[in-house]
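Let's look at a protein together and ask how each label is earned. Have the picture ready and follow along.

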Amino acid sequence: MSSSTEHILPERQKKELQKAILDFMQTQGYTESSEIFAKETGNEGFVADAKDRHHNLLAKKWTSVIRLQRKIMELETKLSKLQEDIRSGAVVRRGAGKTTEWLPRPPAKTKLAQHRMPVTRVRFHPQYTVLATASEDMTVKIWDSESGDFERTLKGHTKAVQDMTFDTKGQILVTCSADLTLRVWDVADEYKCVRTLHGHDHCVSAVCFLGADKLVSASRDKTVKIWEVATGYCVKTLAGHAEWVRGVSATEDARLICTASNDQSVRLWDAATGECKADMRGHENVVEVAKFAPVNAYACLRRLAGLPPLKHSAPTAAVNGSGSANGVDAATPAPATGVTPGQFIVSGSRDKTLRLWDSSSGQLYHTFVGHDDWVRDFVFHPSGKTIISVSDDKTMRVWDLATGRCAKTIEAAAHFTTCVDFSVVSPLVATGSVDTEVSLWECR
């Protein structure tokens, strides 16, 4: 063997491949070849076992390669057609003022049906066309969001998976569960569970990243905990809510945390000290979710709140040189000068409303009224101009952040709609429902 090919695989992966080959040989009856190969690779004594993780691994990998090759061919065909359309003038670039047209439109592009119980959370990968879905059936499922193909199931939790989050680079997926634990999955290593975090005394309801190296979790034990990702150690516990803490969110700069609770309040916390800086009250029922508004939403939110506009810096160049950072948003407002993350919080409640708050003063600026049942989840559009919310009234609603009005209502599912996410890779929205299905909605 040439020296250039000797070290293509790391030692651990090489051993895995050898055992997968031995499993294939033995199950296919190639006994003599299997014995020779086992001796040459130092795997004497290996016996194929249906319960072993190497069982049928080679065949599974082979079919995956074939499927990926087919997908590459399909994408190459689509690319060729698009290039031809561009050359012929059939494609006209959207103008800078048409960003708001990139909104979900019915009917659903794809229905994903693999879960056996209600879907609790949907999360798009931040860099690839991958969608993760969590369920009360104790599993997380990974899908190709472009084709809708099912890829794998992550097992390990022993009760309902309540929430999950990817880090900004998409290298780690973290899940939390009613089994009192959080689990850390290595995306690059075939979603291997590399760490389990113990510390909460009741159901863990929500999780998010606090910067690149920490996590924040919320629990029915009425606490919020901060964890080190690398060690799995709990480094701080925030106490103050009187009841179940349902939701948690952190600012991009990891300075602030906001939480939503059954005690009908939204709280703001200093991440460094653990001090509660504000207690926002006004909801008339359980608060299911609270999130910090992204900085690019400030222009619309200030207008809605009746505040003076901010001065903006010069527009930045497009990320990919085509006027669009990711194919979703070509007209995101330029960043305002002197603006820090965490100035506004939006919350969703079982009182059927969403509310906009000033995080520092706790002042309520606006109440979004329109849903006919519990508001379960919402997501900010990448443009910063709209919010997309879902509810137990089975609908998905699009809210104009400049006016506070509902701009569009879509029948999202046959049962309660529990969760929503917007892809920053391709113009897609995903919703999950109690009916066990996930719907993918094309934005155009």
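Q: What kind of model is this?
A: This is a predicted model, and every value below is computed from it.

Q: What makes strand β20 count as largely enclosed?
A: Buried means under 20% relative accessible area. In β20, which covers residues 353-358, 6 of the 6 residues are buried, so the strand is largely enclosed by the rest of the structure.

Q: Which residues of β20 show that both faces are covered?
A: In a regular strand the side chains alternate between the two faces of the sheet. In β20, Thr-353, Arg-355 and Trp-357 are on one side, while Leu-354, Leu-356 and Asp-358 are on the other. These residues are all buried, and both faces are covered.

Q: How do you know that β19 and β20 are paired?
A: Pairing takes at least two bridges between two strands. Strand β19 (residues 344-349) is joined to β20 by 5 bridges, and the two run antiparallel. One position to find in the picture is Ile-345, which stands opposite Trp-357 in β20. The two strands form a hairpin with 3 residues between them.

Q: How do you know that β20 also pairs with β21?
A: The cut-off is again at least two bridges, and β20 has 5 bridges with strand β21 (residues 364-369), in the antiparallel sense. Arg-355 has Thr-367 as its bridge partner in β21. This hairpin has 5 residues between its strands, and Gly-362 in the turn has a positive phi of about 80 degrees.

Q: What is notable about phi of Lys-352?
A: Phi of Lys-352 is near 80 degrees, a positive value in a residue other than glycine. Lys-352 is placed in the loop between β19 and β20.

Q: Why is Lys-352 called partly exposed?
A: Partly exposed lies between the cut-offs of 20% and 50%. Lys-352 has a relative accessible area of 39%, so it is partly exposed.

Q: Which other residue has a positive phi although it is not a glycine?
A: Ala-254 does, with phi of about 65 degrees. Look for Ala-254 in the loop between β14 (245-250) and β15 (256-261). With a relative accessible area of 24%, Ala-254 is partly exposed.

Q: What makes the contact between Arg-350 and Glu-288 a salt bridge?
A: Side chains of opposite charge can pair when their charged atoms come close. The cut-off is a nitrogen within 4 Å of a carboxyl oxygen, and for Arg-350 and Glu-288 the N to O distance is 2.7 Å. Arg-350 lies in the loop between β19 and β20 and Glu-288 in strand β18 (residues 287-292), so the pair ties together parts that are 62 residues apart in sequence. Are these two residues buried or exposed? Arg-350 and Glu-288 are both buried.

Q: How do you know that Asp-189 and Arg-12 form a salt bridge?
A: Their closest N and O atoms are 3.3 Å apart, and the rule asks for within 4 Å. Asp-189 is in the loop between β8 (181-186) and β9, and Arg-12 is in helix α1, 177 residues apart. Asp-189 counts as partly exposed at 22% relative accessibility, and Arg-12 counts as partly exposed at 43%.

Q: How many salt bridges does the structure hold?
A: There are 19 salt bridges.

Q: How many disulfides does the structure have?
A: A disulfide needs two cysteine sulfur atoms within 2.5 Å, and by this rule the count is 0. Two cysteines are still useful for practice: Cys-300 has 10% relative accessibility and counts as buried, whereas Cys-234 has 34% and counts as partly exposed.

Q: What makes up the lining of the second largest pocket?
A: The lining has 18 nonpolar, 9 polar and 16 charged residues. Of its 43 residues, Leu-57, Lys-61, Arg-152, Asp-189 and Glu-190 lie nearest the centre. Helix α3 gives the largest share, 9 residues. The space in this pocket is about 1,800 Å³.

Q: Why is the peptide bond from Pro-106 to Pro-107 called cis?
A: Its omega is near 0 degrees, and the bond is cis. Pro-107 is found in the loop between α3 and β1 (110-112).

How values were computed. Residues numbered from 1 in each chain as written. Predicted model: local features only at pLDDT ≥ 70, side-chain atom pairs only at ≥ 80, totals over all residues. Heavy atoms only, no water. Buried < 20%, exposed > 50% of the residue type's maximum accessible area, 1.4 Å probe, protein only. Helix = DSSP H or I, 4+ residues; strand = E, 2+ residues; numbered from the N terminus. 1 Å grid on protein atoms, 1.4 Å probe; cavity = no way out; pocket = protein on both sides within 12 Å on 5 of 7 lines; lining within 4 Å. Points joined across faces, edges and corners; volume = space filled by probe spheres on them. Nonpolar A, V, L, I, M, F, W, Y, C, P; charged D, E, K, R; others polar. Salt bridge = Lys/Arg side-chain N within 4 Å of Asp/Glu carboxyl O.
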